[in-house]
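This report introduces a protein structure to a reader who has not met it before. The sequence and the structure are shown first, and selected local features are then described in turn.

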Amino acid sequence: MARAITLIRSAALSDVAEYAYAATAPAEARLIFLAGACPLNDDGSTAAVGDYAGQAAKAVENMRVALAAAGASLQDVISTRVLVASARRQDLGTAWAVVRDAFGDHDVPSTLMGVTVLGYDDQLVEIEAVAAVLPEA
């Protein structure tokens, strides 16, 4: 299946970052804007209370479901923003490692942010994303 996303890297920027610095989609692509994927179970309870990695994994799982409902997958994501309720870089890194691993070689441009609080009780992680898909032929 042809993908709409082109990841862009620049030799003029550090290669330390574990993501592409930019991405493009052609004009004919359909953009999909996802609400922040939260680590919520089907019953609305927060999954993996106190566990940054567990919440990141549940948020990725829920993001996959939302993408599928829109006719897309993680491979169609063009950018992400990972929000982590912590001031500790270690906690941000723990959540980021789960997200990075979920995307594998599709290392989309991403922003990782420590925030004061997120919307649900005991919530530690939320992932926003934009995806792009080509129209079906």
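Ala48 lies in the loop between β3 (30-37) and α1. The structure described here is a predicted model. At a relative accessibility of 31%, Ala48 counts as partly exposed. The backbone of Ala48 has a phi near 50°, a positive value in a residue that is not glycine. Most residues other than glycine have a negative phi.

Asp122 has a positive phi of about 65°, although Asp122 is not a glycine. Asp122 is placed in the loop between β5 and β6 (125-133). With 48% relative accessibility, Asp122 counts as partly exposed. A positive phi is also found just after α2, where Gly104 takes a value of about 55°. The three residues are set side by side below.

| Residue | Place | Phi |
|---|---|---|
| Ala48 | loop between β3 (30-37) and α1 | near 50° |
| Asp122 | loop between β5 and β6 (125-133) | about 65° |
| Gly104 | just after α2 | about 55° |

**Helix α1**

Helix α1 comprises residues 52-69, and Asn62 lies within it. Leaving out residues up to four places away in sequence, Asn62 touches Cys38, Pro39 and Leu40. Asn62 is separated from Arg100 by 38 residues in sequence, and the distance between their C-alpha atoms is 16 Å.

**Helix α2**

Helix α2 has 15 residues. From its first C-alpha to its last, α2 reaches 21 Å, close to the 21 Å expected at 1.5 Å a residue. Which residues of α2 are buried? They are Asp91, Leu92, Ala95, Trp96, Val99 and Phe103. These residues cover an arc of only 125° around the axis, and therefore lie on the same side of α2. On the other side of α2, Gln90 and Asp101 are exposed. The buried residues of the helix pack against α1, β4 (77-85), β5 and β6.

**Aromatic pairs**

How many aromatic pairs does a search of the whole structure find? The search finds 2. The rings of Tyr19 and Tyr21 have centres 5.9 Å apart and planes at 70°, so this pair is edge-to-face. Tyr19 and Trp96 also form an edge-to-face pair, with 6.2 Å from centre to centre and 90° between the planes. This second pair links distant parts of the chain: Tyr19 is in the loop between β1 (6-8) and β2 (22-24), Trp96 is in helix α2, and 77 residues separate them. Through these ring pairs, Tyr19, Tyr21 and Trp96 are joined into a cluster.

The members of the cluster can also be described by their accessibility. Tyr19 counts as partly exposed at 28% relative accessibility, and Tyr21 counts as partly exposed at 35%. Trp96, by contrast, counts as buried because its relative accessibility is 10%, under the 20% limit for a buried residue.

**Ser110 and its surroundings**

Ser110 lies in strand β5, which comprises residues 110-115. Is Ser110 buried or exposed? With a relative accessibility of 13%, Ser110 counts as buried. The side chain of Ser110 is joined to that of Thr80 by a polar contact of 2.6 Å. In addition, a polar atom of the Ser110 side chain lies 3.1 Å from the backbone oxygen of Val108. Apart from neighbours within four places in sequence, Ser110 is in contact with Tyr19, Thr80 and Trp96. Tyr19 and Trp96 are thus met again here, as contacts of Ser110 and as members of the aromatic cluster.

**Asp107 and its surroundings**

Asp107 is found in the loop between α2 (89-103) and β5. Its relative accessible area of 18% makes Asp107 a buried residue. Which side chain makes a polar contact with the side chain of Asp107? The partner is Arg9, and the contact is 2.2 Å. When residues up to four places away in sequence are not counted, Asp107 touches Leu7, Arg9, Glu18, Tyr19 and Ala20. Tyr19 is therefore listed among the contacts of Asp107 and among those of Ser110.

How values were computed:
Residues numbered from 1 in each chain as written. Predicted model: local features only at pLDDT ≥ 70, side-chain atom pairs only at ≥ 80, totals over all residues. Heavy atoms only, no water. Helix = DSSP H or I, 4+ residues; strand = E, 2+ residues; numbered from the N terminus. Buried < 20%, exposed > 50% of the residue type's maximum accessible area, 1.4 Å probe, protein only. Polar contact = N/O pair within 3.5 Å; in protein donor to acceptor, adjacent residues only side chain to side chain. Contact = heavy atoms within 4.5 Å. Expected span 1.5 Å × (residues − 1). Arc of directions from axis to C-beta. Phe/Tyr/Trp six-rings, centres within 6.5 Å; stacked < 30°, edge-to-face > 60°.
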